[in-house]
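Student: I have a chain on my screen and a pile of terms I don't trust yet. Can we go through it and ask what earns each label?

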Amino acid sequence: MGYFKSSWKYLFSKGMFFMFIFLIPAALMPFILSPSSMFRALCAFELQNPEGYTVMFLKMFVDYRYIWIGAIGLLVGIFATSIVFGTIDRHMRTGQFNLSLKRINVRINYNVATAARFVLLMFMAFLIYLFLNFLFFMLWATISKEYVTFYVLCSISFILISILYAVVLAIIILWPPFMLHTGLTSGNAFRMSFAQINGCIMKIAFNIIFISLPFYLVMLLNAVFGWSVILGIVLDGLCMLFVYHYYIVLMYTIFYDVTGLERMDQVNAKKMNIWKIK
């Protein structure tokens, strides 16, 4: 499981380049997917008040009138993801790191279909995650007579749903590279990737939780003390920018590890230029 350490090393080495690519989608996506809004809705719940649940549901979004902004971020995120897929894969496969416009065009053309399926799956998974949390918040608000009981039940359900969500992310983590490298259909690529990752799913899941936890804690404090909606949006953007990027780096690190492919980006500084080999 040394790829966790390797992922952090790669993140600190090349992270700024990829975060720049994800900057626009990370700034726009909080308008459609906002974990900080989930905490704000939780803190605003009124017990045994079904009439107010619709208002609470709308609080799960920064502002439902601007969901279209998040949709644009989702679309831009597909192209950004296709670029990062190609850049990381080529760097690990050949040792060559290149973000030229020509290479970007090639990567979009080659990776965009897989990136679109992956981004839409991630979007739906997070949307379901938010909805499940809200449904349990609503259930506990209906049956609880004291706020202490309500928040204890909410905490338990939130932790369990978050672990389940992280497990889902761990299960699908190798799906995109197996589609890109093998040319298999989505279903066959998923079955092959699951066979490779089976046995270390929980370790991957808890690693995902570990890097997300600091952002969630600050989001919770922001909601409890009512500091700022703008701060919540910034935290949402930073969380997506860092955690999503780390997830893709972890994805390719694990892929090269489980398939036994040599990572040329880790070859020492005296490596020969493979582009000159005939």
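Tutor: Sure, starting with the surface: the chain exposes about 14100 Å², and carbon and sulfur atoms supply 71% of that area. Accessible areas come from the Shrake-Rupley method with a 1.4 Å probe, and for residues only the protein chains shown count as cover. Keep in mind that this is a predicted model, where local features need pLDDT of at least 70, side-chain atom pairs count only at pLDDT 80 or more, and totals for chains, interfaces and linings use all residues. Residues are numbered from 1 along each chain as its sequence is written, and side-chain values use heavy atoms, with hydrogens and water left out.

Student: What makes up the chain, in terms of helices and strands?

Tutor: It has 11 helices and zero strands. Both are DSSP runs numbered from the N terminus: helices are H or I with at least four residues, strands are E with at least two.

Student: Why is Ser 6 called buried or exposed?

Tutor: Buried means under 20% relative accessible area, exposed means over 50%, and partly exposed is in between (1.4 Å probe, protein chains only). Ser 6 has 15% relative accessibility, so it counts as buried. This serine lies in helix 1, residues 3-21. Leaving aside neighbours within four places in sequence, Ser 6 is in contact (heavy atoms within 4.5 Å) with Thr 253, Arg 263 and Gln 266. Over the chain, 50% of the 278 residues count as buried.

Student: And Phe 225, buried or exposed?

Tutor: Phe 225 has 53% relative accessibility, so it counts as exposed. You'll find Phe 225 in helix 10.

Student: Which residues form the nonpolar patch on the surface?

Tutor: Leu 220, Leu 221, Val 224, Phe 225, Trp 227, Ile 230, Leu 231, Val 234 and Leu 238, with about 840 Å² of accessible area together. Patches are made of residues with over 30% relative accessible area and no salt bridge; like charges are joined within 9 Å, and nonpolar side chains (Val, Leu, Ile, Met, Phe, Trp, Tyr) within 5 Å. Helix 10 (201-225) and helix 11 are the elements that give two or more residues to the patch.

Student: What about Asn 222 in helix 10: why is it called buried or exposed?

Tutor: Asn 222 has a relative accessible area of 3%, so it is buried. Not counting neighbours within four places in sequence, Asn 222 is in contact with Trp 227, Ser 228, Leu 231 and Gly 232.

Student: What makes something a nonpolar core?

Tutor: A nonpolar core is a set of buried Ala, Val, Leu, Ile, Met, Phe, Trp, Tyr and Cys residues joined through side-chain atoms within 4.5 Å. The largest one here has 83 residues, and Leu 33, Ile 88, Tyr 129, Ile 173, Ile 204, Tyr 247 and Tyr 252 touch the most other members. Helix 11 (residues 229-259) gives the most to this core, with 17 residues. In soluble globular proteins, nonpolar side chains tend to be buried together.

Student: How do you know whether Tyr 252 is buried?

Tutor: Its relative accessible area is 0%, so Tyr 252 is buried. Tyr 252 sits in helix 11 and, not counting residues up to four places away in sequence, touches Phe 85, Ile 88, Asp 89, Met 92, Pro 177, Leu 180 and His 181.

Student: What makes the pair Asp 89 and Arg 93 a salt bridge?

Tutor: The rule asks for a side-chain nitrogen of Lys or Arg within 4 Å of a carboxyl oxygen of Asp or Glu. The side chains of Asp 89 and Arg 93 come to 3.6 Å, N to O, and that makes a salt bridge. By this rule the count comes to one. The two are four residues apart in helix 5, so about one helical turn separates them. Asp 89 is at 12% relative accessibility and therefore counts as buried, whereas Arg 93, at 42%, is partly exposed.

Student: How do you know helix 5 has the length you'd expect?

Tutor: The expected span is 1.5 Å times one less than the number of residues. Helix 5 (residues 67-94) has 28 residues and reaches 40 Å from its first C-alpha to its last, close to the 40 Å expected. Helix 5 is also mostly covered, with 20 of its 28 residues buried.
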